[in-house]
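Trainee: Could you take a close look at one part of this model for me, the backbone around its odd spots? I'd like the geometry and where each spot sits.

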Amino acid sequence: MQKIRILLFVIILTGVFTACKTDKVWEINSPNGKIEVEISQCCESGDLSYLIQYFSNGESRIALEKSALGLEREDTKFSKLQFIEAIEKKNIKDEYQLLSGKKLNISTVYNEIVISFTTPENNLLNVIFRAYDDGIAFSYMMPETSDKYYRVSKELTSFNLPEGHAWMAPYDTVTTWSPGYETYYDDKIAIGTPAIAKYNGWGFPMLFETNQLWMLISEAGFDGTYGAVHLKNDCTDGNYQVTFAPEEECMGYYENTSYNTLPWQTPWRTIIIGDQLSTIVESNMVTHLAQPCKLKDLSWVKPGRASWSWCMFNDSPQDYDQLVPFVDLAAKMGWEYSLVDANWNFMKNGNIEKLVQYANTKNVGLILWYNSGDKHNIVPEEPRDLMFNRKIRRAEFKRIHELGIKGIKVDFFQSDKQTIINQYIEILEDAAEFEILVNFHGCTIPKGWRRTYPNLISMEAIRGGECYIFAKDYPEKAPKHLSLVPFLRNVVGPCDYTPGGFSDNILPHLTSFGFELAIPVVIESGITHYTETPKGISALPDFAVKFLSELPVVWDETKLISGYPGENAVMARRSGETWYIGGINGTQETKTFHIDLSDLGVKGKTITIISDGDDFKKLQIKKTEVDQAISVKTLKYGGFVAKIE
């Protein structure tokens, strides 16, 4: 009897191993062969996962350990999947142009694999991976056709990091004024460190250093049919799992799951990968994954510079007489715009119509502030209740277009729910029809929309220069914070940081004038709003005023010269034949930057360097002929700029 039992056990065990011999595995490589993604399906559970390796100098390194893939819909969990087919395409070329960004003319090549599965109930799921030379991206597609609405209740995606260091910002708690991606970045923490309990996990983008590799993880390609995600607080052993926006966002209104008819493709999860920080900083992957431009006529889209009264004088938008000097400042500096911020509809001593007429005489375009809110926020600033309902919004756009307004700043979105993501897109679509530029504030991070809708000229999603008004810890934290931005937030899209604070606001600066002068070079935005007053600009040396008046916002090429997150950054940006260089020192020690210029092809040209003087409120200028390298000394929290022509 005992022998029979043993025989039966052996037969059953043999049957199990016969039914499930090994996991199914698919591979896709980057065109240059450095990045390999291995997608696998567990033979027992049917679960999907992926793993990323990086090859260099004959060695392979694990960039991302086995991480989860998958979706759960209300009607199906996409589990126990059965493989149908895998279709691979190689060397797909994508060329497009931007009107602002790190560079204008972009050409990239990628390989793609589409792996198709079905559930036992015949629900279809495609998993799409793309491999670029600077990273990978993946998305889910439900390819069936149906007019019925389906809901994704959970996304299983995770990013499982090996040991190393992380730079990331918590996803903020819900208040009257947040979330808006405006928390400070945690600097060089251990991978797997949970966010402080009061926050709702971690937000994108996330920067990692592991196995001598750099990786930046974010998302891209939203079309309004899916909410944005962030990362759960629990990231034990470096396994970061995505989650939807908290239910309490938008005052509890709107669903925090995602819903749509079929077919339905989710946004892309993006992972930029390289063994040099320059690969991260110079990448355009987020715009690669966005839809192509939807606008036919782009002649009216003009990135530029703007004066801004509100930062120094919060009540100025309500007084025509206080706004006029800032229009005059823009005209004097050759800046294209002046921003009229919140509550301009209560203007005394004149009105917006009168201000437009005056600005026209100075060849300065006006940008108007709006509250995004309907019922989803209780921020009282006005105008409000004009940007949510499409009929009302379009009527307002028609009115201000006929008035001659060039752009809008829309504020206080404070949510990543699908309804709000769709609101962003509808605002961009409607504004484009009426030839209106758009700048989002109190908003989500960039998703690549500047490619699809070039009238999007900037987004906030950053702890900005206005923090010198109300955040007591900001002066002390600003140098490190701004030394992190080029490696994190600015990688994924334009940052409306609002630089130019040479005069102290309520809270005094600890950064030098050289540092402040460098910020609009170090941080890219399709529009630069300068916080300085007319009096403050006129107090600067003539050579600094000249630099600010000539500094563009449109770049043909961008290079990271040197830097390390949270310590320093030196960026070079080319406009036509002219290179601009900006460097910031985020540390408490003086620093001499030794800058190699050989990659710029500028030997023999003239370089003008403006750097720190003998105290932090003084500047000095030097002109010389370019050799292979330059050295520039900065104060603590100091900086410099250079122009090569």
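Mentor: Start with P383, which sits in the loop running between β21 (365–371) and α6 (390–403). This is a predicted model, so read every angle here as a computed value. The bond leading into that proline, from E382 to P383, is cis, and its omega is near 0°.

There's another cis peptide bond to put beside it: F204 and P205 are joined that way, with omega at about -10°. P205 is in a loop too, the one linking β12 (186–190) to β13 (206–210).

Now for phi. K80 isn't a glycine, yet its phi is positive, at about 50°. You'll find K80 between β5 (71–73) and β6 (82–97), in the loop there. Its relative accessible area is 61%, and the cut-off for exposed is over 50%, so K80 counts as exposed.

F412 is the other residue to check on this score: it has a positive phi of about 65° and is not a glycine either. The loop that holds F412 goes from β22 (407–411) to α7 (418–433). Here the accessibility tells another story: F412 has a relative accessibility of 14%, and because buried means under 20%, F412 is counted as buried.

If you're going through the backbone by hand, then, the cis bonds are at E382 to P383 and at F204 to P205, while the positive phi values belong to K80 and F412.

Definitions and conventions: Residues are numbered from 1 along each chain as its sequence is written. This is a predicted model: local features need pLDDT of at least 70, side-chain atom pairs count only at pLDDT 80 or more; totals for chains, interfaces and linings use all residues. Side-chain values use heavy atoms; hydrogens and water are left out. Helices (H or I, at least four residues) and strands (E, at least two) are DSSP runs, numbered from the N terminus. Buried means under 20% relative accessible area, exposed over 50%, partly exposed in between (1.4 Å probe, protein chains only).
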